[in-house]
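Biologist: Hello! I am new to this one, so could you walk me through a few of its residues?

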Amino acid sequence: MDMPPSRAGTLALVGADLALDFCNTASGRGGPEAREHLQAARHVVDWATHAGVLTDQSRAAVLDRLDEIAPELLAQATTTRDCIHRCGMALAAGRQPDPADLDLLGRLHAANLASARLAPQDGGYGWAWSPADGPIQAILGPIVLSALLLLTRKDLTRVKECPGHHCGWLFFDTTKNKTRRWCEMSVCGNRAKQTRHVQRRRQAAQPQ
Ligand SMILES: [Zn+2]
């Protein structure tokens, strides 16, 4: 089956959280309209640049070593993403994530930390990664850290899954009253509205 081209470098970043945005590099999982935007290591680099994980300079440093790291980068990126996605789906359904996935996240973070340094950040200090110390960790380190901060510091009742048809995107609802429903109103919200509209018209046209 031919896969549609990747849009990794232009995907809407609507998760309000880096880790959830990363989950949204696939959609419609398991269904007939499944989309995978991380089809090659290059797409991981494209997305990371688009999402601000890599600067133009660090992107160039990663691309310099891409031939050498490509299979490992793609494998680790999808493992990381799918682990965070399973945790996010559980939270969105009001369930606790699988302990095995929490263990995996912890192990991934520990491995990424091996090539991180403490650096000045927002008036204090935070973990920072450089491609020179580990090009794969420079991409996945900040993403796993974002997932851990979500799990340990944030209101998890705000993690939601878009109910749109063939969607499954995750987001962190930052609205005051937790009223956000869609990944993007202009995509899934309007599609749902149109479907309801067509259904109403069909019902109205049916003979009584
Ligand atoms: Zn959606």
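Biologist: Let me start with Asp 173: is Asp 173 buried or exposed?

Modeller: Happy to help, and please keep in mind that this is a predicted model. Asp 173 sits in the loop between strand S6 (170–172) and helix H7 (185–205). Its relative accessibility is 0%, and the cut-off for buried is under 20%. Therefore Asp 173 counts as buried.

Biologist: Which residue has its backbone nitrogen 3.0 Å from a polar atom of the side chain of Asp 173?

Modeller: Let us look at what surrounds Asp 173. Leaving aside neighbours within four places in sequence, its contacts include Arg 158, Lys 160, Lys 178 and Thr 179. The backbone nitrogen at 3.0 Å from a polar atom of the Asp 173 side chain belongs to Arg 180.

Biologist: Thanks! Is Lys 176 buried or exposed?

Modeller: Lys 176 is also found in the loop between S6 and H7. Its relative accessible area is 74%, and exposed means over 50%. So Lys 176 is exposed.

Biologist: What distance separates the C-alpha atoms of Lys 176 and Val 14?

Modeller: Along the chain, Lys 176 and Val 14 are 162 residues apart. In space, their C-alpha atoms are separated by 17 Å.

Biologist: And what is the area of the nonpolar surface patch made by Leu 118, Tyr 125 and Trp 127?

Modeller: Take Tyr 125, which lies in strand S4 (residues 124–129). Tyr 125 is exposed, with a relative accessible area of 65%. Together with Leu 118 and Trp 127, Tyr 125 makes a nonpolar surface patch of about 380 Å².

Notes. Residues are numbered from 1 along each chain as its sequence is written. This is a predicted model: local features need pLDDT of at least 70, side-chain atom pairs count only at pLDDT 80 or more; totals for chains, interfaces and linings use all residues. Side-chain values use heavy atoms; hydrogens and water are left out. Helices (H or I, at least four residues) and strands (E, at least two) are DSSP runs, numbered from the N terminus. Buried means under 20% relative accessible area, exposed over 50%, partly exposed in between (1.4 Å probe, protein chains only). A polar contact is a pair of N or O atoms within 3.5 Å; within protein, one must be able to donate a hydrogen and the other to accept it, and residues adjacent in sequence count only if both atoms are side-chain atoms. Contact means heavy atoms within 4.5 Å. Patches are made of residues with over 30% relative accessible area and no salt bridge: like charges are joined within 9 Å, nonpolar side chains (Val, Leu, Ile, Met, Phe, Trp, Tyr) within 5 Å. Accessible areas come from the Shrake-Rupley method with a 1.4 Å probe; for residues, only the protein chains shown count as cover. A salt bridge is a side-chain nitrogen of Lys or Arg within 4 Å of a carboxyl oxygen of Asp or Glu.
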